[in-house]
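Open the model in your viewer, switch to a cartoon view and keep the selection panel at hand. We will go from one stop to the next, and at each one I will say what to select and what is there.

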Amino acid sequence: MNKVPLILSQSSDPADFSGCPGANSYVSILLHSQGLATEQVRYDSFVALLFKQQPAHIMVLHAALGVAGEAGELADAIKKEHIYGKPTDRANIVEELGDLRFYIQAVMQMYGISEQEVLQQNANKLCVRYKSLRYGDDAAIARADKSAS
């Protein structure tokens, strides 16, 4: 039995955003060396423990290709449901999202990018694109956030 991440909890308290990638997310891990004991660890530390150590340029490539590969696996899981009419495989979707999150976390760590920075930059961009803070096809096509400055 090789269960590692059991629970993922994430804080919503702004005081918990330390600026460290993954610092506000914790997982409970099963410590095989200590029987069935569990320990709470920061997700960024967990990823750092598991990510294959190689020269930096190879690690970045590994992480980026991991994101691409896992995004494809997630798309395939959803395609099976909507194109082939198979039942929703929620467990597989959760698994692929977790794998995708693992590689995204690795990229963030390698570039020193915090989760808060990613979320805030995305919110800033979308606030410019959707000034009414509601989706609209016209705003999506116009992409005001991409206008020349």
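Which residues of the largest nonpolar core touch the most other members? Select Val-27, Ile-29, Tyr-43, Phe-46, Phe-51 and Phe-102 and show their side chains: these are the ones, in a core of 13 residues. Now colour the elements that feed this core. Strand S2 (25–31), helix H1 (43–50), helix H2 (56–82) and helix H3 (90–111) each contribute at least two of its residues. Please keep in mind throughout that you are looking at a predicted model.

**Step back for the overview**

Return to the cartoon and colour from the N terminus. The order of elements along the protein chain is β-β-β-α-α-α-α-α, giving 3 strands and 5 helices. If you colour by accessibility instead, 24% of the 149 residues count as buried. Among contacts in the chain with a separation of 6 or more, 43% join residues 24 or more positions apart.

**Where H1 meets H3**

Next, select H1 and H3 and hide the rest. At what angle do H1 and H3 pack? The angle is about 90°, and their axes are 10 Å apart. H1 is therefore roughly perpendicular to H3. To see the contact itself, show Tyr-43, Asp-44, Val-47, Ala-48 and Leu-50 on the H1 side. On the H3 side, add Gly-98, Arg-101, Phe-102, Gln-105, Ala-106 and Gln-109. Colour this set by class and you will have 6 nonpolar, 3 polar and 2 charged residues. Two names should look familiar from the first stop: Tyr-43 and Phe-102 are also among the core residues that touch the most other members.

**A salt bridge at Asp-44**

Stay with Asp-44, which you have just shown as part of the H1 contact with H3, and add Arg-42. Their side chains form a salt bridge, with N and O 2.5 Å apart. Are the two partners buried or exposed? Asp-44 is buried because its relative accessibility is 9%, under the 20% cut-off. Arg-42, in contrast, has a relative accessible area of 27% and is partly exposed.

**The charged trio on H2**

The whole structure contains 5 salt bridges, and the next stop takes in two more of them. Select Asp-76, Lys-79 and Lys-80, which are linked in a salt-bridge network. Side chains of opposite charge can pair when their charged atoms come close. Draw a distance from Lys-79 to Asp-76: the closest N and O atoms are 3.0 Å apart. For Lys-80 and Asp-76, the N to O distance is 3.4 Å.

Now look down helix H2 and count positions. Lys-79 and Asp-76 are 3 residues apart, about one turn of the helix. Lys-80 and Asp-76 are 4 residues apart, a separation of about one helical turn. As for accessibility, Asp-76 is partly exposed at 27%, Lys-79 is partly exposed at 33%, and Lys-80 is partly exposed at 36%.

**A short stop on S2**

Go back to strand S2 and select Leu-30. With 14% relative accessibility, Leu-30 counts as buried. Add Gln-40, 10 residues away along the chain, and draw a C-alpha to C-alpha distance: you should read 9.3 Å.

**Towards the C-terminal helices**

Select Arg-129, in helix H4 (residues 115–129). Arg-129 is buried, at 11% relative accessible area. What does Arg-129 contact beyond its neighbours within four places in sequence? Show Ala-139, Arg-143, Ala-144, Asp-145 and Lys-146 to see those partners.

Finish with two backbone angles. Most residues other than glycine have a negative phi. Leu-133, although not a glycine, has a positive phi of about 60°. You will find Leu-133 in the loop between H4 and helix H5 (137–142), where it is exposed at 53% relative accessibility. Then move on to Arg-143, in the segment after H5. Arg-143 also has a positive phi, near 50°, and is partly exposed at 35%. You have met Arg-143 before, as one of the contacts of Arg-129.

How values were computed
Residues are numbered from 1 along each chain as its sequence is written. This is a predicted model: local features need pLDDT of at least 70, side-chain atom pairs count only at pLDDT 80 or more; totals for chains, interfaces and linings use all residues. Side-chain values use heavy atoms; hydrogens and water are left out. A nonpolar core is a set of buried Ala, Val, Leu, Ile, Met, Phe, Trp, Tyr and Cys residues joined through side-chain atoms within 4.5 Å. Buried means under 20% relative accessible area, exposed over 50%, partly exposed in between (1.4 Å probe, protein chains only). Axes are lines fitted to C-alpha atoms, for helices over the stretch in contact, and angles run from 0 to 180 degrees between N-to-C directions. Angles under 35 degrees count as roughly parallel, over 145 as roughly antiparallel, 65 to 115 as roughly perpendicular and the rest as oblique. Contact means heavy atoms within 4.5 Å. Ala, Val, Leu, Ile, Met, Phe, Trp, Tyr, Cys and Pro count as nonpolar, Asp, Glu, Lys and Arg as charged, and the others, Gly among them, as polar. A salt bridge is a side-chain nitrogen of Lys or Arg within 4 Å of a carboxyl oxygen of Asp or Glu.
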